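Reader: I am new to this structure and should like to understand the reasons behind the terms used for it. May I put some questions to you?

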Amino acid sequence: MMASVSTSKSMNMSAAAHSSRTFSWAAPMSALLMRLPCVRPTCQAVRRKSQTRGVVAASGGEGPIKPSGMSTRRSRSTATRAVLPEDGVLQKGIAEFYDASSGLWEDIWGDHMHHGFYDPNATVSVSDHRSAQIRMIEEALQFAAVPEDQMKRPKSVVDVGCGIGGSSRYLARKYGAQCQGITLSPVQAQRAQALAAAQGLADKVSFQVADALNQPFSDAQFDLVWSMESGEHMPDKAMFVGELARVAAPGATIIIVTWCHRDLSPSEESLRPEEIVLLNKICGAFYLPAWCSTADYVNLLQSLSLQDIKAADWSEYVAPFWPAVISSALTWKGFISLMGSGWKTIKGALAMPLMIEGYKKDLIKFAIITCRKPE
Ligand code: SAH
């Protein structure tokens, strides 16, 4: 089976996509960041060569991944061999990070905790960001060709890594579907449920604390499997994709929108050392384990015999996002809220310029990968 890697929206980020304003913030904040010992990887950055080339295991801030004492549980697929951190350590860090930061995010940005989708080179005002986040959802659905007509549209949806449930509620409304969201953060699950009740959607959507790598659902349960910016947190990409495929019903659409590192060229065995250093810093702040490339995801989907596999690089379309988040953190309200939301959140905020740097260097890719489970 051939994976069609779309080129229509797959392009290098143009210099113009990053405004100069972006880097007037990024430079001093990065400089500040580098001086903070806690944002440097606390344990030695570890790069592990996996069967899937280019998978980079990085240190996880307060130590989710350790060079020694590491569980070496293997993925179920032979397509990749991510090495997992000690059970529960990374998950605990992720849960605590979102427990601490979700209130602040919602306060300033609303209930979608993902990038917006923007027209390239557009001038964007603050009020445009929320609609850009909705547009991200719509563009993803369209890219995956999710059917709109009454008979074929999704009736059951799983939102894997649901945040405070923004996507679930949107999809429940759009399709009249039943949605179930899972997150590692108890605070998020509770807030997602409260928002659903407040919006009259309590009978349509439900949320629980559960691990995407071991989902509490039976096989073939959902006709839309949705993962919006959660894949980057998954320490075993093969297990992650395996679970998405397992819970998908025959004919279901699977949509993964996630942060990847650039694809390796045929002559490369791994990323360059300075690229690994940058990713490790980001991992430390955002509780991320190994990164992989879009091609790695495509390989995993192929290995599971999934159909209509499509992938694209949407980095250019998300370029205004991080500068806007940084600007919002630097307003008086944002700053005060940030200071009150604890060190984990502050550490994440300080790492935001590194994301911009990663995009600018063509190292970080904002990827969409979609496919269909065979009937
Ligand atoms: N999709 C949401 C939230 C993105 S933030 C949105 O677009 O608004 C990343 C989310 O992934 C958080 O809710 C976090 O708890 C969740 N997550 C990370 N690792 C997870 C795992 N192993 N299992 C379940 N959820 C996970």
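Reader: Which polar backbone atom lies 3.3 Å from an oxygen atom of the ligand, and what makes this pair a polar contact?

Author: The model is a predicted one. The polar backbone atom belongs to Leu184, and its distance from an oxygen atom of the ligand is 3.3 Å. A polar contact requires a pair of N or O atoms within 3.5 Å, so the pair formed with Leu184 qualifies. The protein covers 99% of the 580 Å² of accessible area that the ligand has on its own.

Reader: What makes the pairs of the ligand with Thr183 and Gly161 polar contacts?

Author: In Thr183, an N or O atom of the side chain is 2.8 Å from an oxygen atom of the ligand. In Gly161, a backbone N or O atom lies 2.7 Å from a nitrogen atom of the ligand. Both distances are within 3.5 Å, and therefore both pairs count as polar contacts.

Reader: How many residues surround the ligand, and how are they divided by class?

Author: The shell has 20 residues, and the closest are Met113, His114, Gly161, Gln188 and Ala212. By class, 10 are nonpolar, 8 are polar and 2 are charged. Helix H2, residues 89-109, and strand S3, residues 178-183, each supply at least two residues of this shell. As for the site, the ligand sits in the largest cavity.

Reader: Why is Ser102 called buried?

Author: The relative accessible area of Ser102 is 3%. Buried means under 20%, so Ser102 falls in that class. Ser102 is placed in helix H2. A polar atom of the Ser102 side chain lies 2.6 Å from the backbone oxygen of Tyr98.

Reader: What makes the phi values of Tyr287 and Ser305 worthy of mention?

Author: Most residues other than glycine have a negative phi. Tyr287, however, has a positive phi near 60°, and Ser305 has a positive phi of about 60° although it is not a glycine. Tyr287 lies in the loop between helix H7 (273-286) and helix H8 (294-303), whereas Ser305 is found in the loop between H8 and strand S7 (307-313).

Reader: Are Tyr287 and Ser305 buried or exposed, and how do you know?

Author: Tyr287 has a relative accessible area of 2%, which is under 20%, and therefore Tyr287 is buried. Ser305 has 47%, a value between the 20% and 50% limits, so Ser305 is called partly exposed.

Reader: Why is Gly176 called partly exposed?

Author: Its relative accessible area is 39%, which lies between 20% and 50%, so Gly176 is partly exposed. Gly176 belongs to the loop between helix H4 (166-175) and S3. Its C-alpha atom is separated by 9.1 Å from that of Arg153, a residue 23 positions away along the chain.

Reader: How do you know whether Ile256 and Leu300 are buried or exposed?

Author: Ile256 has 1% relative accessibility, and Leu300 has 3%. Both values are under 20%, so both residues count as buried. Ile256 lies in strand S6, residues 248-261, while Leu300 lies in helix H8. Ile256 and Ile369 are 113 residues apart along the chain, and their C-alpha atoms are separated by 5.2 Å. For Leu300 and Gly242, which are 58 residues apart, the C-alpha separation is 8.5 Å.

Notes. Residues are numbered from 1 along each chain as its sequence is written. This is a predicted model: local features need pLDDT of at least 70, side-chain atom pairs count only at pLDDT 80 or more; totals for chains, interfaces and linings use all residues. Side-chain values use heavy atoms; hydrogens and water are left out. A residue is near a molecule or strand if one of its heavy atoms lies within 4 Å of it. A polar contact is a pair of N or O atoms within 3.5 Å; within protein, one must be able to donate a hydrogen and the other to accept it, and residues adjacent in sequence count only if both atoms are side-chain atoms. Accessible areas come from the Shrake-Rupley method with a 1.4 Å probe; for residues, only the protein chains shown count as cover. On a 1 Å grid over the protein atoms alone, a cavity is a set of points where a 1.4 Å probe fits but cannot get out, and a pocket is an open set with protein on both sides within 12 Å along at least five of seven lines; lining residues have an atom within 4 Å of a point. A molecule sits in a cavity or pocket if more than half of its atoms lie within 2 Å of its grid points. Helices (H or I, at least four residues) and strands (E, at least two) are DSSP runs, numbered from the N terminus. Ala, Val, Leu, Ile, Met, Phe, Trp, Tyr, Cys and Pro count as nonpolar, Asp, Glu, Lys and Arg as charged, and the others, Gly among them, as polar. Buried means under 20% relative accessible area, exposed over 50%, partly exposed in between (1.4 Å probe, protein chains only).
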